[in-house]
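Please look over the sequence and the model below. The report starts with a single residue and works outward.

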Amino acid sequence: MKLGVLAVVALGIAAVAALALRPRDDGGGYDPYFRALNDLLKREGPARPVLILDLDRLDRNLDVVRRSIRPPKHFRVVAKSLPSIPLLRYVCERTGTKRVMSFHQPFLNQVAEQLADSDILLGKPLPVRSAAAFYAALRGNFDPSRQLQWLVDTPERLDEYLALAERLQQKMLINVEIDVGLHRGGVADTSTLDRLLAVIAAHPDRLELAGFMGYDPHVVKVPGWARRRASLIAEVRAAYRGYVEFARARYPQLWRDGMTLNGAGSPTYRLYEDDTLLNDLALGSALVKPTDFDIDTLEAHVPALFIATPVLKAGAATQLPGLDWLSRLLDWWNPNLARTFFVYGGYWMARPVAPAGLHTNPLFGRSSNQEMLNGSARVALGVDDYVFLRPTQSEAVMLQFGDILVVRGDAVVDHWAVLTQ
Ligand SMILES: Cc1ncc(COP(=O)(O)O)c(C=O)c1O
């Protein structure tokens, strides 16, 4: 008898706790922006998953960049994060830059061929055979001996590049990767830098020092409780200055005015507005602002890239196959399981953003064919409506949908091809 009472009390407490912990209903409709996009896509969209680039929003982001990166500093567009020739061309024209950062040999060849007057800096050191493949595939007027800076991180790699330059009877511009605190490789002491510069100085007919690259995203990624941002950026600048001063003092014959002193990226470029050393700041992702870039330094930027995918099936509460009792319990408990939608495709590196309150279902499982999304009874979404997602990053996601649908205002204005792998 006593046990029975205890059990009832325990059940009562569990029920009250479950009610108290019930997720709140976060469902909603489209806001006016996504409502207009949904209407547009239902009229003119491809009725399959598609990537939308909003040019008005891209322009706003480009304005922020233009206001922040002023002469004598130059803006360099990061090609891997915006992997489309028409998109890169648009960004270059609007910002008046020819400077591009490249990370992938097939993309490097496409940029060199189709944006033939660009000035390209590699963003990572490529294997020498990859460099050789670039020269073998090169077509058109692009002149690598003037327009391409290879990134070199070690004396061993420099020796390999020198051998390639000899074999090709080509001059190579060499940019030295320096470790300014990220610890992702690059030269980390002046004795290694000395070895590199000595090789360059000994082969003026084949190698030319073109500058330095020191990347620093850790400055905003290290949590504030662990390190102060101001002291991290001060360390980056001091390290950078140390390498530059060493090179100028020891190898004045290699030094030229206007050499490329590259640094920063989307997370940090705004921290260089008062800097007088670097003259070349690279960024790409912030121009379309995937969710990984929802950070305080990029508050002035707006998301400009979305995945849109049609709803194939719209149903009532979630039903987990073979687990009806669990489904009923969960549906009672969580108001955000009141409706079920199956969309065309899925499982992208992306988060649903419109209509509000859509969630993937970890119990049902993810699918890249037709993915289940759940929402509350307030999610007003029917078959053929579009669900909008924000990519978490741009580089891999942008290559998954074929041509990008380019919109401005409430119209589709173009289709832009993406680079091929
Ligand atoms: C060397 C270098 N510079 C700049 C960037 C910045 O690119 P994004 O602005 O797209 O983050 C990166 C990104 O990986 C990088 O590796």
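Leucine 283 touches Val78, Ala264, Gly265, Ser266 and Tyr269, leaving aside residues up to four places away in sequence. The model is predicted. Leucine 283 sits in strand 9, residues 280-283. Is leucine 283 buried or exposed? Leucine 283 counts as buried because 26 C-beta neighbours lie inside 10 Å, and the cut-off for burial is 20 or more.

**Around the ligand**

Leucine 283 is also one of the residues around the ligand. Its contacts Val78, Gly265 and Ser266 are listed in that shell too. The shell further includes Ser81, Met101, Gly123 and Tyr215. Ala282, Gly284, Ser285 and Ala286 belong to the shell as well. By class, the shell has six nonpolar and six polar residues. Charged residues are absent from the shell.

**A second residue**

Glutamine 319 lies in a loop between strand 10 (305-315) and helix 12 (324-333). With 15 C-beta neighbours inside 10 Å, glutamine 319 counts as partly exposed. Its contacts, apart from neighbours within four places in sequence, are Asp324 and Ser327.

Two residue pairs set sequence separation beside C-alpha to C-alpha distance.

| Pair | Apart in sequence | C-alpha to C-alpha |
|---|---|---|
| Leucine 283 and leucine 40 | 243 residues | 31 Å |
| Glutamine 319 and threonine 340 | 21 residues | 8.5 Å |

**Chain and domains**

The chain has 421 residues, and 40% of them are buried. It holds twelve helices and 17 strands. The C-alpha trace spans about 90 × 55 × 40 Å along its principal axes. Of the contacts with a separation of 6 or more, 71% join residues 24 or more positions apart.

The domain assignment gives domain 1 as 25-50 + 303-416 and domain 2 as 55-286. Their C-alpha centres are 38 Å apart. Where they touch, 14 residues of domain 1 are in contact with 13 residues of domain 2. On the domain 1 side, strand 16 (404-408) and strand 17 (411-416) are the elements that give two or more residues. Strand 16 provides the largest share of that side, four residues. The domain 1 side divides into nine nonpolar, three polar and two charged residues.

**Helix 8**

Helix 8 covers residues 155-168, 14 residues in total. From first C-alpha to last, helix 8 reaches 20 Å, close to the 20 Å expected at 1.5 Å a residue. Which residues of helix 8 are buried? They are Arg157, Leu158, Tyr161, Leu162 and Ala165. These buried residues lie on the same side of helix 8 because they cover an arc of only 140 degrees around the axis. The general rule is that an α-helix has 3.6 residues a turn, so residues three or four places apart point the same way.

What does the buried side pack against? The partners are helix 6 (128-137), strand 5 (148-152), strand 6 (172-177), helix 9 (190-202) and strand 7 (207-214). The face turned away from the buried side carries the exposed residues Glu156, Ala163, Glu166 and Arg167. Just after helix 8, glutamine 169 takes a positive phi of about 55 degrees.

Note on methods:
Residues are numbered from 1 along each chain as its sequence is written. This is a predicted model: local features need pLDDT of at least 70, side-chain atom pairs count only at pLDDT 80 or more; totals for chains, interfaces and linings use all residues. The expected span of a helix is 1.5 Å times one less than its number of residues. A residue is buried if 20 or more other C-beta atoms lie within 10 Å of its own, exposed if 12 or fewer, and partly exposed in between; C-beta atoms are placed from the backbone. The arc is that of the directions from the helix axis to the C-beta atoms. Two residues are in contact if their C-beta atoms, placed from the backbone, lie within 7 Å. Domain bounds come from an automatic or database domain assignment. Ala, Val, Leu, Ile, Met, Phe, Trp, Tyr, Cys and Pro count as nonpolar, Asp, Glu, Lys and Arg as charged, and the others, Gly among them, as polar. A residue is near a molecule or strand if its C-beta atom, placed from the backbone, lies within 6 Å of it.
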